[in-house]
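Q: Could you take me through one part of this protein in detail? I'd like to hear about the salt bridges, and what sits around them.

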Amino acid sequence: MAHFVWLLFLLVSSATACDRCVHQSKATFVSSVEALSSGACGYGSLALSLGNGCLAGSGSPLFKNGAGCGACFQIRCKNPYLCNGKGTKVTLTDRNYDNRTDFVLSSKAFMAMANKGKAQDILKAGIVDIEYKRIPCEYKNQNLAVRVEESSQKPYYLQLKLLYQGGQTEVVAIEVARVGSSSSWNSMNRNYGAVWDSSRFPDGALQFRFKVISGYGSRWIWAKYVLPADWKNGVVYDTGVQITDVAQENCSPCDYGTW
């Protein structure tokens, strides 16, 4: 039954998402980058380290109930008078509740789409027609990291935030076990956005494994030593692994096109 549900999820995702295809939409902006860092993904001030200030919020099809947090997109404006052909790269750090547009961008990202000397003009336009597609996130010198959130209470409750999730995929499950154990894995739950939690985890140093969509299926990525036995709230820990997987979708013919 579980296998059938997972297969159905993949089929529905491939039929409705097709992230790497080029899509037509509209985008607007917010003047304060903090508006896109303290919202539905839970990144807070750490959002600035994900996209170098080029952040975005998007609605349900791309937000994916929080699984889309941390995804990267190439976006370009279609007005040749205002905008260049390169566009801008953004990281999804919040949810967009404005149904007039698929994206709300930080002003830095919005202005990056403009032709030279037209930055103020594109801001005055407010909303522009765009085309966009999902692209792999790249953190070449940064492994996947987890931040132990302040609400964690050892030994009763553990809450983590995922940071620097590379690739073009989603983390769909996380399990935790004591370092050295090969069988006693406990599942974590997505609390919201990029934040996961569990009230069932062992004492001592902790290892994790992350289930990601890879190709047309999925795979587990094993981080063998992440949290020391004396882990502390508010600290970011390096997992020692990188996610570079790309989820494949039945989106032909856009699979083979260039943008």
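A: Here is a walk through the salt bridges, followed by the core and a buried serine.

Keep in mind that this is a predicted model. Its mean pLDDT is 90, and 90% of the residues reach 70 or more. The weak stretch is residues 1-16, where pLDDT stays under 50 and the model has 11 contacts beyond four places in sequence.

The salt bridges come to 12. Take Asp129 and Lys26: their side chains meet with N to O at 2.5 Å. Asp129 belongs to strand β6 (residues 128-135) and Lys26 to strand β1 (residues 23-30), so this pair ties together distant parts of the chain, 103 residues apart. Asp129 is partly exposed at 39% relative accessibility, and Lys26 is also partly exposed, at 35%.

Next up is Glu170 with Lys64, a bridge of 3.1 Å from N to O. Here both partners are in loops: Glu170 between β8 and β9, Lys64 between α3 (60-63) and β3 (72-77), with 106 residues separating them. Glu170 is buried, with just 7% relative accessible area, while Lys64 is partly exposed at 23%.

Then there's Glu175 and Arg209, whose closest N and O atoms are 2.6 Å apart. This one runs from strand β9 to strand β13, 34 residues along the chain. Glu175 counts as buried because its relative accessible area is 14%, under the 20% cut-off; Arg209, at 24%, is partly exposed. Elsewhere, Arg147, Glu149, Glu150 and Lys161 are joined into one network by salt bridges that share partners.

Strands β9 and β13 turn up again in the largest nonpolar core: along with β7 (145-148), β8 (158-163) and β14 (217-227), they each give two or more residues to it. That core has 24 residues, and Leu158, Phe208, Phe210 and Leu227 have the most contacts inside it. Leu227 touches Val146, Val148, Leu158, Leu160, Ala205, Leu206, Phe208 and Tyr237, leaving out residues up to four places away in sequence. A separate core of 23 residues includes Phe73, Cys77, Leu92 and Tyr132.

Leu158 also leads us to Ser198, since the contacts of Ser198 beyond four places in sequence are Tyr156, Tyr157, Leu158, Ser187 and Met188. Ser198 is found in strand β12 (residues 195-198) and is buried, at 5% relative accessible area. A polar atom of the Ser198 side chain lies 3.0 Å from the backbone nitrogen of Arg200.

Terms used. Residues numbered from 1 in each chain as written. Predicted model: local features only at pLDDT ≥ 70, side-chain atom pairs only at ≥ 80, totals over all residues. Heavy atoms only, no water. Core = buried A, V, L, I, M, F, W, Y, C linked by side-chain atoms within 4.5 Å. Buried < 20%, exposed > 50% of the residue type's maximum accessible area, 1.4 Å probe, protein only. Helix = DSSP H or I, 4+ residues; strand = E, 2+ residues; numbered from the N terminus. Contact = heavy atoms within 4.5 Å. pLDDT = per-residue confidence, 0-100. Polar contact = N/O pair within 3.5 Å; in protein donor to acceptor, adjacent residues only side chain to side chain. Salt bridge = Lys/Arg side-chain N within 4 Å of Asp/Glu carboxyl O.
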